[in-house]
Amino acid sequence: MVSRGGKAHRRARGFTLIELLVVLSIIALLLTLAVPRYFNSIDVAKEAVLRENLHLVRETIDKFYGDKGRYPDSLDELVSEKYLRSLPYDPFTESTGSWLLIAPDAAGSPEVRGNVYDLKSGAPGATRDGQPFADL
């Protein structure tokens, strides 16, 4: 395009400051809606993993007792005897060594041997519905 003075006139291309601010405010609005849901879904997933790990290990302890007639002395014994592939993972403490081990009640029967009757999470805090992790 040629202007009156005979010089070519180029139109500047790019975004104005207002356009950039509008786009950034839309992105910020979308993030305020998505981020809380994302963190909530992470907590839901961690609770599901914890419940599943507790269920599987408790089942494994029962199978060990059924096979051997005694409770395991440690969680490591379940791994060494091939009842578990590896130690269970607590997603809240991010550790395999933070479990609270509960020994069998020796008062009920003196022939009960072993040290691991049940296990609970050693994580502080509670689930989304208020139940302490140690009570799962």
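Start by selecting Tyr65, Tyr71 and Tyr117: ring pairs join these three into a cluster. Keep in mind as you look around that this is a predicted model.

**The tyrosine cluster**

Zoom in on tyrosine 65 and tyrosine 71. Their ring centres are 4.4 Å apart and their planes meet at 20 degrees, so this pair is stacked. Now colour by accessibility: tyrosine 71 is buried, at 10% relative accessibility, while tyrosine 65 is partly exposed, with a relative accessible area of 32%.

Next, turn to tyrosine 71 and tyrosine 117. This aromatic pair is edge-to-face, with 5.3 Å from centre to centre and 80 degrees between the planes. Trace the backbone and you will find that the pair links distant parts of the chain, 46 residues apart. Tyrosine 71 sits in the loop between helix H1 (17-68) and H2, and tyrosine 117 in the loop between S1 and strand S2 (118-120). Tyrosine 117 is partly exposed, at 45% relative accessibility.

**A buried aspartate**

Now select aspartate 90, in the loop between helix H2 (75-80) and strand S1 (100-102). Which side chain of opposite charge is nearest to aspartate 90? It is lysine 46, 8.6 Å away, and aspartate 90 is buried without a salt bridge. Show its surroundings: beyond its neighbours within four places in sequence, aspartate 90 contacts residues including Leu50, Trp99 and Ser121.

**Zooming out**

Switch to cartoon view to see 2 helices and 2 strands, running α-α-β-β from the N terminus. Of the 136 residues in the chain, 23% are buried. The accessible surface comes to about 10,000 Å², with 58% of it belonging to carbon and sulfur atoms.

Definitions and conventions: Residues are numbered from 1 along each chain as its sequence is written. This is a predicted model: local features need pLDDT of at least 70, side-chain atom pairs count only at pLDDT 80 or more; totals for chains, interfaces and linings use all residues. Side-chain values use heavy atoms; hydrogens and water are left out. Helices (H or I, at least four residues) and strands (E, at least two) are DSSP runs, numbered from the N terminus. Buried means under 20% relative accessible area, exposed over 50%, partly exposed in between (1.4 Å probe, protein chains only). Accessible areas come from the Shrake-Rupley method with a 1.4 Å probe; for residues, only the protein chains shown count as cover. Lys and Arg count as positive and Asp and Glu as negative; His and the chain ends are not counted. A salt bridge is a side-chain nitrogen of Lys or Arg within 4 Å of a carboxyl oxygen of Asp or Glu. Contact means heavy atoms within 4.5 Å. Rings of Phe, Tyr and Trp (its six-membered ring) pair if their centres lie within 6.5 Å; planes under 30 degrees apart count as stacked, over 60 as edge-to-face and the rest as tilted.
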